[in-house]
Amino acid sequence: MHFMPGLLTESDLRGAVDVELDGPARLLPPSSVSPALLTRRDEVAEWAHERLQGAFLPTAEETVAVSKPGHGVRPVAVWDLPSRLAYMALTERLRSALPEVDRGKARWKAFQRAPLQHSGRYIVASDIAACYQYVDHRLLADELLVQTGEYAVVETVTALLRETGGRAYGLPQQSGASDLLAEAFLSRLERALIRRGLLVSRYSDDFRFTCTTWSEATRAIEVLAEEARLVGLTVNDLKTVTWGREKYESHLDEADRLRQEIADAAKIDLTLVDVHPYDGTVVEQPPEQDEVDLLGSVLVLDRWVSVAGRGNVAARRRAEHRAVLELVPWAFRTLQAQPSSPDGVLDTCNRMLRYERTLTPAVAGYLTTRNEDDKVLATFDRLLKSKAYLNGWQTWWLQQPLARLHAFPFGPGSKARMAWERDALTSAEHTPVLRAHAALALARHQAITVDDLLPIFDRSSVAVRPVLAAAVALLQPGKAMRAAVTGDSAVCRWAYDWAALNA
């Protein structure tokens, strides 16, 4: 693909570097390369600006399967650094002319209540199946051009999407830039529904319709399916539900009541809890936690154990389960302030890793703050002995808090722990980003050789080579080897030098 001269300035890319390095981690673990770039922001922007002049060949995206509730997975793309920075900077050029993206908790709550602002006996709830995966680039470009008139920027964005994804549809998930583009694309669908006479409210790809009769409710579902199909999308039939108005309102009230009930039992001030119920993101954490908050956090985790700690949730407790899940990430963040783990919390971590995979980031974040190496290792040993299945995404999250434990490769249980790390390397053969981080974890424990790493490095794309360069650096090879793994990329050199300095 080709970047028109002057399309992106160094200042544009400097802003994208800040977003890249300062944006909160969501579903993927914190970058292993970012620490090497934190003090080089201007240098990174200058390097990216030089790379994105004229002809540029993006690397094909790597995909990680991230756990969703139940047994579902979502594909989250990992791009090379120049492509990520270009994507963020280009979409930022379009932001002022596109619909505002508001994915906040207040907006979600307002969306849920919006159907009740209209008279009607029935409320239809539905959403789009795998929405981001199937956004059509041609239709997206048409909408962006109508709204912005920025032909060069739009053409470059869609070319970048096409080159990285290898197809003419799809947006990478877990990206603020993708959220902006998806909002514009879905606004097109929403306008079509309104023109068809439907009373509709929307939050991202979730839709609600207020209908007077059952016939209107049936028509609303059919119109949504028809209009979605015209833009290349598919309605999620499993999540399409028609509620009676009273039952819908009662359902919302019950969720709020259960959340408040759990908070009251745990003596939690909900005004200090800012966890987004849509995806469990902890938006803000109070700077200090008192004993009441710490005790309340333990009670929240105990409540989860009583509801879901055996791997299944009784039908009568499903609403309670949803309510307590909203509070679990906050509970873990609050407990990070406590130097020692309260009784039972580490065992609860094991249960969550087995039965509530979507909470893996919260569990890993908590374990990262523990200064109780013996307890953490003993807890993890029990998890391994239970033969629990940890998928590649979970393993990636857990490698970070476990790899920092100096005793990990030694003493009782070390044989099983090291076997787990080696299995992570071999089982990730078809997922290069997971394989690279498994290699890095082994290098941290000096459990892999440079000769083992070099074939992996050679077979890997530039998107993950910096991680492998850091792994090689941890093994402290000679100057010739440093040149061999850093000569192709400044990012590899920065990652190598940072890892060597902090080995």
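**Close-up 1. Helix α16 and its buried residues.** In this predicted model, the buried residues of α16 are W393, Q394, T395, W396, W397, L398, Q399, P401, L402 and A403. That's 10 of the 12 residues of α16, so the rest of the structure largely encloses this helix. What do the buried residues of α16 pack against? Their partners are the strand β3 (62-67) and the helices α13 (345-355), α14 (360-368), α15 (373-385), α17 (414-427) and α18 (432-444).

**Close-up 2. The length and the N-terminal end of α16.** Here's a quick check you can follow yourself: α16 covers residues 392-403, and at 1.5 Å a residue its 12 residues should span 16 Å. The C-alpha atoms at its ends are 16 Å apart, which agrees with that expected span. Now look at the N-terminal end of α16, where N391 acts as a cap. A side-chain oxygen of N391 lies 3.2 Å from the backbone nitrogen of W393.

**Close-up 3. T360, a residue of α14.** Is T360 buried or exposed? With a relative accessibility of 0%, T360 counts as buried, because the cut-off for buried is under 20%. T360 belongs to helix α14. Skip the residues up to four places away in sequence, and T360 touches L353, W393, Q394 and W397. You've met some of these names already: W393, Q394 and W397 are among the buried residues of α16.

**Close-up 4. E183 and its partners.** E183 sits in helix α8, which runs over residues 176-195. It's a charged residue, yet E183 counts as buried because its relative accessibility is 11%. Which arginines share polar contacts with the side chain of E183? One is R103, with a side-chain polar contact of 3.3 Å, and another is R202, where the side chains are joined at 2.8 Å. Leaving out neighbours within four places in sequence, E183 is in contact with P99, E100, V101, R103, R202 and S204. D102 is 81 residues away from E183 along the chain, but their C-alpha atoms are separated by 9.4 Å.

**Close-up 5. Where α6 meets α8.** Helix α6 (residues 137-148) packs against α8 at an angle of about 90°, and their axes are 10 Å apart. That angle is why the two helices, α6 and α8, count as roughly perpendicular. From α6, the contact uses L139, L140, D142, E143, L144 and Q147; from α8, it uses L181, A184, F185, R188 and R191. Sort the residues of this contact by type and you get six nonpolar, one polar and four charged.

Key: Residues numbered from 1 in each chain as written. Predicted model: local features only at pLDDT ≥ 70, side-chain atom pairs only at ≥ 80, totals over all residues. Heavy atoms only, no water. Helix = DSSP H or I, 4+ residues; strand = E, 2+ residues; numbered from the N terminus. Buried < 20%, exposed > 50% of the residue type's maximum accessible area, 1.4 Å probe, protein only. Contact = heavy atoms within 4.5 Å. Polar contact = N/O pair within 3.5 Å; in protein donor to acceptor, adjacent residues only side chain to side chain. Axes fitted to C-alpha atoms, helices over the stretch in contact; angles between N-to-C directions. Parallel < 35°, antiparallel > 145°, perpendicular 65-115°, else oblique. Expected span 1.5 Å × (residues − 1).
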